[in-house]
Amino acid sequence: MTVLNVAITNWFTSRNWTIHPHQKMMLDRADDPATLLIAPTGGGKTMAGFLPTLAELADGQHQGLHTLYISPLKALAADIKRNLRTPVDEMDLPMRIDDRTGDTPQSRKKRQRADPPHILLTTPESLALLTSYDDAARTFAGLQRVVVDEIHALAESKRGDQLMLALARLQTLCPNLRRVGLSATVDDPQAIAQFLARHPDSCEILQADPGPTPDIQMLETTEAPPWAGGGAAYSIPAVMQQIKAHNTTLIFHNTRAQAEIFFHNLWLANEDALPIGIHHGSLGREQRDRVEAAMVRGDLRAIVCTGSLDLGLDWGDVDLVIQIGAPKNVKRLVQRIGRANHSYNTPSKALLVPANRFEVVECRAALEAVREGDLDGEARGSGPRDVLCQHILIAACAGPFHADDLFAEMTSAGAFATLPRAEFDACLEFCATGGYALKAYDKWQRLLQRPDGRWQLRDPRATQRIRMNLGTIQDTDTLKVRLKRSRGGKPLGEIEEAFAATLTPGDTFLIGGQTVRYEGLRDMTVEVKRRSGKMPKIATFSGTKFATSTQLSSRILTLLQQDSWPNLPNHTADWLMLQREVSKLPQPNRLLIESFPHQDHPHLCIYGFAGRNAQQTLGLLLTKRMEEMGLDPLGFVATDYATMIWGLETLTDPEPLFDIAALRDGLDGWLGENAVMKRSFRGCATIAGLIERNTPSARKNGRQATFSSDILYDTLRKYDPDHLMLQITRTEALRGLVDFGRIEDMITRIQGNIDLLHLPRITPLAAPLLLEMGKVPIKGAGLEKLLEKEAAELMQKSGLANLPQ
Amino acid sequence: MTGYDFPLSGAQLTALGSGALYWPDQNLLCVSDLHLGKSERHARRGGTTLPPYETQETLARLEADLNQTQANTVICLGDSFDDDSAARALPEAEKDKIADLASRCRWIWITGNHDPAPANLPGELHDSFPLAPLTFRHIAEPDTSGEVSGHYHPKAKLRGATRPAFLLDQHRLILPAYGTYTGGLRSSDPALSTLMAPKAIAILTGPRPLAIPMPR
């Protein structure tokens, strides 16, 4: 047990503070190899993580790095540095604290490697980069403890897998390294503990007092939510009232686009000119920094934000959290609510704002789940091999290695503990030669085996390219947006390349809450001018869309079965009643399918309630079969509860389409060809190092230096169908984006009971799907026919068709 | 044969959906920018080890066009190889495949900026190749007529679909890149929009070639 230095105890006493029980427990277990602390935000969690470090460093004897603190956010690392500096100075403890992120200047980074501080605050990516240097052993000499903050968030992503592989490397360098994880409330603490601890070390789980039950309700508005859409513009007056009635309000949105629209509308309604900011991941760093700083100063009354504020900074003054749009996932909702009122003994206050009437139902179901403490979670499966490939390359950057040693090291990370040696070898082979059936790169292998059996980089200059491409965060291709000035205008943020391509000069769009006019593209930067008025376009961001969890979906289905809905507002109850009159309501043990004509094309709506990803897969599977049947499907759109498909031909006999066995058989053939797989491939191939996002000669002009990853994918499928990258893509897609598991669950649930209804027009429940973003075009015979028609029209209209060439 | 037929300086030509050009009167097939050996060059220059199948794939598509048209002359409009040493480093099987194709008909290699001198391959080597009323060369020249060239890898967009495209005006035709691992340049890029006359059209490749007013 660690004894607290008198300076530390005096500091607590001088402030009339007592050490929280969980902080004491962390001190008691300071020597354990791994400890997981689960505590609500505001419970002195960070201090609990650092107390043992302060105790051990208090005597000033320790040389070099002692504690590494890892957070998923750069901003958090910087914030903790400030928050830690104050008590450490007040306790007059002799220690150096520094942070290191992508934003740290090169000179300071260099100094940190040669002469590290006692406490280094960093991110998974910066840590991985540190381990890639040949002097890593010297940098980390003496390291005692690592504190992983917000580990519940990291454990859900490849960033966490990357972190754990980096920790495995550190544990090799510093065998006595002790690990501490700090987590918000989660459904399965044991899984996080296994993720944190070195395999097979044990890891004790400490639960801090969760604090009072949150006060959470649906926002009451005079106006009813619309039938469809995600903007929740109807709620603006009511939200404005709430902002006025509270000190500081965080207004969470599920997507960046929705946050932009909402902020725009809120601003138009802001008659009292209250200070309101916007914060999301596509905004320029300067802009985000400015909003965060204003927040810390307490200058803002409200912040419209996305998941970018799910974690991190302690905003002391936040006394209300508003969630716009259905929360999709009860666990995340609970964590978001925890962002309000960071003092330990007041209940967090939160309001849910459904964006449309279906979401009223979803919010009601989520409220009930929160009250019952029914958190949802899905197991993640074994460690992803694309991350493993990247870490083999990172290891090679640090110096030659024996395959046996690296295998032993990597399988000490919990997620990779069951990795078979053959799979590791395949990853190594991939890194060395590309791992192709055709041996083409004998001369140009990336890794070579030396006479002593160790592996090393063929060309030491490759380290630069590997480091440039390190990381697992997948950005879609984005373009920077700047104000047009004679010399480099102010950066406003980023938009996706696909959206930028739809703009023509003069178009206006929203970014960072301002309306700007597209002027042109220069040096791969979108130049804009400020411009008010005029209906702006909405930039699309294909950021992560979470699927409604299985638990929440099933609660919604159950709710729909009620004879009447006294627990729902009238407008929503009436709507459900209307659906029941003109069609049916979906049932847990049956599959409802509606068929109706709409806007020239026949439509099908399939209510699977399997979550967005699985409904999307269902769309792909069904359209594939419709294409084969000559029905010329044109596209589909999926939401969490249904898939809608439209095409050129009316479906006369839909029964064979929904033959479940055939769907399952079709998965294999179909799986290879669809856009979702190609997107997964792009991600895996980028992480594994096959595709480089950054090259020393960065893209400078409009000329596409490389061809699309789709071509690589198609080529591999044709000539090397068993290639490792395709295996990884498949594994990935099946559990993440494809989520076939939930289709199978749905099939089991309905037991072959399919109700197909032919209806004269679109139904109340189907209508919202028409306004969904993310329609997936089917590039088949139907599209070719339309393209042909449009090309002919364009030639005719322009007069070129009659022009002799 | 699905193709888009058009005249250029009096010659009747057909743009094939594959990105190849066919000239029925001469029974001539023309392709541009094959970039064979690209993955080898990529790895050699410190890049990653891309799937090394693009040469096979490009040759397979070329053979399919050759079989379909039964052309007795083939013109490769330059940048046929990603560079000269990529040409030399091709695996034997792929060199044999090229030799086999080239022995079936008259084969003309135009030199490009990537491959000034692809040696030791069957066929004739030319800087440019006139065949009245047309002239075949790698990079378009100003103030010409009846010119067929490549080099720019043009692409164009219709209804959100971007595809490699032929660009055509009264004086010249620019072919899309035929090679499997080739990127593209939008027709709206100044390099192309200033080169092509105002009434130029773009012929999108794909299952059926589609002509549209060239996007600028």
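In this predicted model, B:Ser145 sits in the loop that connects β9 (134-137) and β10 (147-149) of chain B. B:Ser145 counts as exposed because it has 12 C-beta neighbours inside 10 Å, and a residue with 12 or fewer is classed that way. Leaving aside residues up to four places away in sequence, B:Ser145 touches B:Ser9 and B:His171. B:Pro133 is 12 residues from B:Ser145 in sequence, and their C-alpha atoms are 8.8 Å apart in space.

B:Pro133 itself belongs to the loop between β8 (128-131) and β9 of chain B. The peptide bond that leads from B:Ala132 to B:Pro133 is cis, with omega near 5°.

**Backbone geometry**

Most residues other than glycine have a negative phi, and most peptide bonds are trans. The table lists places in the two chains with a cis bond or a positive phi.

| Residue or bond | Feature | Value |
|---|---|---|
| A:His199 to A:Pro200 | cis peptide bond | omega about 0° |
| B:Ala132 to B:Pro133 | cis peptide bond | omega near 5° |
| A:Asn16 | positive phi | phi near 65° |
| A:Phe609 | positive phi | phi near 50° |
| B:Asn27 | positive phi | phi about 45° |

In chain A, A:Pro200 lies in the loop between α10 (189-196) and β7 (204-207). A:Asn16 is placed in the loop between α1 (6-14) and α2 (21-28) of chain A, and A:Phe609 in the loop between β22 and α23 of chain A. The surroundings of these last two can be set side by side: A:Asn16 is exposed, with 6 other C-beta atoms within 10 Å, whereas A:Phe609 is buried, with 27 other C-beta atoms within 10 Å.

**A sheet in chain A**

The strands on the N-terminal side of A:Phe609 lead into a sheet. This open sheet of chain A has 6 strands in the order β25-β21-β22-β24-β23-β26, and its pairing is mixed. β25 (754-758) and β26 (776-777) of chain A are at the edges; each has a single partner strand, so one side of each lacks a neighbour in the sheet. Further in, β21 (residues 591-598) and β22 (residues 601-607) of chain A are joined by 7 bridges in the antiparallel sense. A:Glu594 has A:Cys605 of β22(A) as its bridge partner. Helix α23 (residues 612-628) of chain A packs on the sheet, where it touches β22, β23 (633-638), β24 (643-647) and β26 of chain A. The direction of α23 makes about 165° with that of β23(A).

**Strand β4 of chain B**

In chain B, strand β4 (residues 28-31) has both of its faces covered. B:Leu28 and B:Cys30 are buried on one side, and B:Leu29 and B:Val31 are buried on the other. Strand β3 (residues 21-23) of chain B runs antiparallel to β4(B), and 3 bridges join the two. B:Tyr22 has B:Leu29 as its bridge partner in β4(B). β3(B) and β4(B) make a hairpin with 4 residues between them, and B:Asn27 is in the turn. β4(B) also pairs with strand β5 (residues 73-76) of chain B, here in the parallel sense and over 4 bridges. Within β5(B), B:Thr73 stands opposite B:Leu28.

**Nonpolar cores**

In soluble globular proteins, nonpolar side chains tend to be buried together. The largest nonpolar core here has 265 residues, and A:Val304, B:Cys30 and B:Ile203 touch the most other members. Helix α16 (residues 385-398) of chain A provides the largest share of this core, 9 residues. Not counting residues up to four places away in sequence, A:Val304 touches A:Ile251, A:His253, A:Ala259, A:Phe262, A:Phe263, A:Leu266, A:Ile276 and A:Ile278. There is also a second, separate core of 5 residues, among them A:Tyr436, A:Ala440, A:Tyr441 and B:Ala43.

**The two chains and the domains of chain A**

How many residues of chain B are in contact with chain A? The number is 36, and they meet 38 residues of chain A. On this side of chain B, at least two residues come from each of β1 (3-8), α1 (38-44), α2 (54-69), β14 (185-186) and β16 (210-213). β16(B) gives the most, with 4 residues. By class, the side of chain B that touches chain A has 18 nonpolar, 9 polar and 9 charged residues.

The domain assignment divides chain A into domain 1 (6-207), domain 2 (215-371), domain 3 (385-468), domain 4 (478-530) and domain 5 (583-675 + 740-787). Between domain 1 and domain 5 of chain A, the C-alpha centres lie 48 Å apart.

Notes
Residues numbered from 1 in each chain as written. Chains lettered and ligands numbered in written order. Predicted model: local features only at pLDDT ≥ 70, side-chain atom pairs only at ≥ 80, totals over all residues. Contact = placed C-beta atoms within 7 Å. Nonpolar A, V, L, I, M, F, W, Y, C, P; charged D, E, K, R; others polar. Domains from an automatic or database assignment. Core = buried A, V, L, I, M, F, W, Y, C linked by C-beta atoms within 7 Å. Buried ≥ 20, exposed ≤ 12 C-beta atoms within 10 Å, placed from the backbone. Pairing = 2+ DSSP bridges. Axes fitted to C-alpha atoms, helices over the stretch in contact; angles between N-to-C directions.
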